[in-house]
Amino acid sequence: GNISISSNKGLSLSNINYSMITVLPYFKPANSKIIDEDVTDIIETAKNKIWVTTTEYLLSNDLITKQTTIIRDLRKDFLQSTNYPMPMTLEKLDNGNIWVGYSGEGISVYNNTGRLLKKLDTTNGLPVNTLRVIKKMDDGSILVGAEKGLFKINSNTYAIDTFRNDQ
């Protein structure tokens with residue numbers, strides 16, 4: 001199988017084959033520039049396909065063709081600002097949708113081709129916009145660890161339930 005290794009020096013793919021390890025170079029986006037070196041998360045979205053978050057990009061990559069597609073370039077989206085949201089965490093649901101949690105922008109839900117389906121932030125119900133981790137639960141709901149606590153989201157209705165000490 002393949003092992004994806006992320007660090008503050010980028011993303012490498014190790015292919016373990018009969019005790020031989022081959023480390024492939026950092027993935028490159030379609031424009032041939034090396035991606036930002038601060039990888040924040042990786043998920044497998046299909047066989048030999050991954051999504052990667054870095055401090056500046058949301059990317060998809062085909063591990064066979066080594067083709068990388070930029071789904072979102074935050075530097076371009078926030079051209080006038082040096083303080084833009086950073087994608088921090090990824091989670092794939094059973095229906096194929098991919099949830100991306102941002103530091104400073106809430107959650108974006110994409111289909112597996114990268115089309116934005118839904119945005120959740122403080123304007124439509126999230127308690128905070130700075131997220132740390134998203135995890136799918138067995139019942140299909142989403143647990144979100146944020147800057148200020150934990151909350152649960154119904155992945156079908158997007159209803160939000162917060163966990164507070166008084167509950």
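The side chain of D62 reaches the backbone nitrogen of T65 at 3.0 Å, in a predicted model for which local features need pLDDT of at least 70, side-chain atom pairs count only at pLDDT 80 or more, and totals for chains, interfaces and linings use all residues. Residues are numbered from 1 along each chain as its sequence is written, and side-chain values use heavy atoms, with hydrogens and water left out. D62 lies in strand β6, strands being DSSP runs of E of at least two residues, numbered from the N terminus. The residue is buried, with a relative accessible area of 16%, where buried means under 20% with a 1.4 Å probe and protein chains only. Not counting residues up to four places away in sequence, D62 touches N48, K49 and Q67, contact being heavy atoms within 4.5 Å.

In the largest nonpolar core (buried Ala, Val, Leu, Ile, Met, Phe, Trp, Tyr and Cys residues joined through side-chain atoms within 4.5 Å), which has 14 residues, those that touch the most other members are W99, I107, I142, V144, F151 and I153. Two or more residues each are given to this core by β10 (106-110), β12 (131-136), β13 (142-146) and β14 (149-153), and β13 gives the most, with three residues. Leaving aside neighbours within four places in sequence, I107 is in contact with residues including W99, V100, L120, L126, V144 and I153. A second, separate core of nine residues includes I43, L74, V100 and Y110.

Note on methods:
Helix = DSSP H or I, 4+ residues; strand = E, 2+ residues; numbered from the N terminus. Buried < 20%, exposed > 50% of the residue type's maximum accessible area, 1.4 Å probe, protein only. Polar contact = N/O pair within 3.5 Å; in protein donor to acceptor, adjacent residues only side chain to side chain.
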